[in-house]
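Here is a short report on one helix, one cavity and one lysine. Look at the structure first, then read on.

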Amino acid sequence: MKYRYSIFTKPYKDLSMDELGKKVVDMGFSAIEYPLRDGFQVKLDDAENGMAALAKTMGAYGVSVSSVAATTDEWAFAACQAAGCKILRIMARTDKNMRYLDWEKSYIKQLEGLEPLTRKYGVTLGIQNHCGPMLSGTMELKRVVEKFDPKAIAAIWDAGHSGLAGEDTKQALDIIWDNVCLINFKNAYYRRVNGPEAPYAKFHHHFTLGRHGFADYPKIAAYMIERGYEGDICLPAEYTDEALVDELAPIELAYVKSLFE
């Protein structure tokens, strides 16, 4: 099966729309995930018209807007619709002042209030797993999204953050499969940032190429093929050394494609 590969364009906020389209094509991608945030190409006070213009410009280069990273305000859903984009990506940060299961219940209630917007605009609200005090593990994400029709509210499964959570990738995908709308190929590992003389060890996550992180890309690809995945594949192009994005993203794309094609 031939997939559509998208790149998160967060590193390219200073490019014009035309420059962005050319950049994406030159790197080998046919779609983008766009950060609908302040300081990027689309002005938030005119997001619908701006996203329509972005989609038109990208289309001239043969590029689709396959997902958008934004807030859950109604204007963001409307802007996605204007661009012909079917997925609005968010992440969920837990409340440190609440017990986790109480927060989970309150968050599900919040999502219930957003479900009508997904139907009104024909946009799926995709929630991404993220390590730390967030919906981190795949099962945590599953407990939230399984309450909803996956056409309305679904999971965006991120390989890198699943790996940082210490999950077996095949098991994690098996858990979330019926609720997933998008899969991110990103990878990372933990690196100690202080020496043995320190009173406590300190680790930071280090985002890197797919071959070098915790997530097992070949196992992920094999499972996706086995299950007949039909969605897009997103490469968030997140590397700890941000200056290497232009160099590393095409290398990562070629590797991921080799696992499927």
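## Helix H9 and its buried side

In this predicted model, helix H9 buries Val 245, Leu 248, Ala 249, Glu 252, Leu 253, Tyr 255, Val 256 and Phe 260. An α-helix has 3.6 residues a turn, so residues three or four places apart point the same way.

H9 runs over residues 245-260, 16 in total. From first C-alpha to last it reaches 23 Å, close to the expected 22 Å. Several elements help to cover its buried residues. Among them are strands E1 (5-8), E9 (203-208) and E10 (233-235). Helices H1 (17-27) and H8 (217-227) are also included.

## The cavity

How many cavities of 30 Å³ or more does the structure hold? The count is one. The largest cavity encloses about 60 Å³ of space.

Its lining includes Ala 249 and Glu 252, which are also among the buried residues of H9. Phe 29, Phe 185, Lys 186, Asn 187 and Thr 208 line the cavity too. So do Leu 235, Ala 237, Glu 238 and Tyr 239. By type, the lining has six nonpolar, two polar and three charged residues.

## Lys 186

Where does Lys 186 sit? Its place is the loop between strand E7 (180-184) and strand E8 (187-192). Lys 186 counts as buried because its relative accessible area is 6%, under the 20% cut-off.

The Lys 186 side chain makes polar contacts with the side chains of Asp 158, at 3.1 Å, and His 161, at 3.4 Å. Lys 186 also touches other residues, including Gln 128, Phe 207, Tyr 217 and Pro 236. Glu 238 is another residue that Lys 186 touches, and Glu 238 lines the largest cavity.

Terms used:
Residues are numbered from 1 along each chain as its sequence is written. This is a predicted model: local features need pLDDT of at least 70, side-chain atom pairs count only at pLDDT 80 or more; totals for chains, interfaces and linings use all residues. Side-chain values use heavy atoms; hydrogens and water are left out. Helices (H or I, at least four residues) and strands (E, at least two) are DSSP runs, numbered from the N terminus. The expected span of a helix is 1.5 Å times one less than its number of residues. Buried means under 20% relative accessible area, exposed over 50%, partly exposed in between (1.4 Å probe, protein chains only). Contact means heavy atoms within 4.5 Å. On a 1 Å grid over the protein atoms alone, a cavity is a set of points where a 1.4 Å probe fits but cannot get out, and a pocket is an open set with protein on both sides within 12 Å along at least five of seven lines; lining residues have an atom within 4 Å of a point. Grid points are joined across faces, edges and corners, and a volume is the space filled by probe spheres set on the points. Ala, Val, Leu, Ile, Met, Phe, Trp, Tyr, Cys and Pro count as nonpolar, Asp, Glu, Lys and Arg as charged, and the others, Gly among them, as polar. A polar contact is a pair of N or O atoms within 3.5 Å; within protein, one must be able to donate a hydrogen and the other to accept it, and residues adjacent in sequence count only if both atoms are side-chain atoms.
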